Amino acid sequence: MTAHARQMDMIGGDLRECGTTIGGRALDSAFAQAALLCPSEVFSAETAIADAAAGRAGAVPRGVQISARSKQLGLVIESYRRVDALAKDGLERLTNLGLTALGTGLPLLAVGAAGWVMTNPAAALLLAFGVKQVGSKGIQDYLFNHPEHLDTLTRCAPWLLQGSAMGPGGMWASITRYLTGGRWPTDDYETLVGGLVNAGQNGGIFEDTGGFKVSPSDHVKGQMDPPRSVEGLIEMDGFVQGQCDKVEGDEAAIAITKLEGTPPKYIVTIPGTQAWGPVRTNNPVDLSSNVGLMAGNQVELQRQVAAAMKEAGIEPGDPVMLNGHSQGGICAAALASDPKFRQAYNVQSVVTAGSPIARFEIPPNIDVLALEHDSDAVPKLEGRENPDRKNWITVKSDVRGRMYYGEENKLMESHLSDGYQGTGRMVDQRLMGPNPDPSIEEWRQHNDKFLSGKGEQKVYKVTKS
């Protein structure tokens, strides 16, 4: 229906243009000269031209009519979308409540299982032997080879956790509500994660404390030319990830590529998670930022990216592409969703790899290219598919059979930026083949200004002030 409405609008515009051209013929000087010799014939011709251009069945009225119908169809499409979105949201919330209710029974199930183990030692030993034989690697291999079960696990886990925390019959609900700052129980994803953050902060974790500063890095490891492809953008993610100055991950790095032109264009590359501890250290690109971003909070990493952009001299009208892998992509989507940030910077494009960004309200005038691996759990964490719209392209890739490292930890390896670089290469190949993908081709046309021309790159480090 959307394509039909777009085609109708184009036809209406063409008809109006034709009608205007036809009507203009009536003003041709040849008619004025001919009117002296054959006035009746000229009058008939002028009447026919006027009728063809603006008459009841003329090109201009028909064009206006068709364009109006295309607008009406657009309103109908928008109504369908809103109804579908409301129905989808309602079903999702109902499912979340159902999973929470199911989770309240898990503590009883655990107690029952413990009792069974205590009364059946032989069976318990057999079960323990089976678990040992399978091991964590076996479980990860199974989930890697069956991504549909990984989908189910990531979709259900948060709500089952919420139900378990409330206890059988909700007997611990008051305690849970207190620990989560009144956020649990909830049927909203961001509120659920926010409650988890609040509960963690009661124990001294997930605290997004400040006290950072941005400055140009004086010892960059290596150098990269400006990206010229999707593969190059993901390679830039890996480059930034490798700029951490200390082995312990005490410094974060943000790369900004400035492309020549008037105005200049910028690619801002934000790093993925560099510190996995739940307690804030000297690096804000950590687990605390991860959960804070997923809860919809403003985090220190966002402020430091904005500070690096200011340090780089990016002006409000300069076109900006935000690029990142994993947490870097989450931060890019969060910044693009922030009205205040968009007032300060002209964000035109967001590119992510392995990032859960479906719940961010990125405006439809910003291009989004999201790469996701079927066996990568990280982009599934928000429990929702990315929006399906003209300016938001999600490329999903099955990486089974094309691993990039060893066989020890396939599930984690499918999340690494090196693997996503290969997926970026496949996207580029779709553009170079005899039948390029139309949506990716259109994305490339919109974003060619970021992937062409001369440029220079600077790395900015984020350190404790």
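Which residues in H1 meet which residues in H3? That is the topic of the opening close-up, and like every view here it comes from a predicted model.

**View A. H1 against H3 (residues 39-54), a helix pair with a contact that's easy to list.** On the H1 side you'll find Gly19, Ile22, Gly23 and Arg25, and they meet Ile49, Ala52 and Ala53 in H3. By class, that contact splits into four nonpolar residues, two polar and one charged. The two axes come within 8 Å and cross at roughly 165 degrees. Angles over 145 count as roughly antiparallel, so that is how H1 runs relative to H3. H1 passes H3 in a left-handed crossing.

**View B. H1 (residues 2-25) packing on H4 (residues 59-103).** Stay with H1 and swap the partner. Here the axes sit 7 Å apart and the packing angle is about 160 degrees, which means H1 is roughly antiparallel to H4 as well. The crossing of H1 and H4 is left-handed. As for chemistry, the residues in this contact come out as ten nonpolar, nine polar and six charged.

**View C. H12 (residues 300-311) crossing H13 (residues 327-336).** The axes of this pair come within 10 Å, and the angle between them is roughly 75 degrees. H12 is therefore roughly perpendicular to H13. From H12, look for Leu301, Gln302 and Val305; they meet Gln327, Cys331, Ala334 and Leu335 in H13. There are no charged residues in this contact, just five nonpolar and two polar ones.

**View D. The largest pocket, holding about 1,400 Å³ of space.** Its lining takes in 40 residues, and those nearest the centre are Ala358, Phe360, Glu361, Arg384 and Pro387. If you're setting up a view by helix, H4 is the one that gives the most to this lining, with ten residues. H9 (189-202) and H11 (287-294) also each supply at least two. What is the lining made of, by class? Charged residues number 20, alongside twelve nonpolar and eight polar.

**View E. The second largest pocket, with about 650 Å³ of space.** This one is lined by 25 residues, with Tyr189, Leu287, Val291, Met294 and Leu381 nearest its centre. H7 (147-166), H9, H11 and H15 (410-413) are the elements that give two or more residues to the lining. Here the class count reads 20 nonpolar, four polar and one charged. H9 and H11 may ring a bell: each also supplies at least two residues to the lining of the largest pocket.

**View F. The largest cavity, at about 70 Å³.** A search of the whole structure turns up two cavities of 30 Å³ or more, and this close-up is on the largest. Its lining consists of Asp367, Lys390, Asn391, Ile393, Ser439, Glu442, Trp443 and His446. Which helix gives the most to that lining? H17 (residues 438-447) does, with four residues. Sorted by class, the lining has two nonpolar, three polar and three charged residues.

Methods
Residues are numbered from 1 along each chain as its sequence is written. This is a predicted model: local features need pLDDT of at least 70, side-chain atom pairs count only at pLDDT 80 or more; totals for chains, interfaces and linings use all residues. Side-chain values use heavy atoms; hydrogens and water are left out. Axes are lines fitted to C-alpha atoms, for helices over the stretch in contact, and angles run from 0 to 180 degrees between N-to-C directions. Angles under 35 degrees count as roughly parallel, over 145 as roughly antiparallel, 65 to 115 as roughly perpendicular and the rest as oblique. A crossing is left-handed if the near helix is turned anticlockwise from the far one by less than a right angle, and right-handed if clockwise. Ala, Val, Leu, Ile, Met, Phe, Trp, Tyr, Cys and Pro count as nonpolar, Asp, Glu, Lys and Arg as charged, and the others, Gly among them, as polar. On a 1 Å grid over the protein atoms alone, a cavity is a set of points where a 1.4 Å probe fits but cannot get out, and a pocket is an open set with protein on both sides within 12 Å along at least five of seven lines; lining residues have an atom within 4 Å of a point. Grid points are joined across faces, edges and corners, and a volume is the space filled by probe spheres set on the points. Contact means heavy atoms within 4.5 Å.
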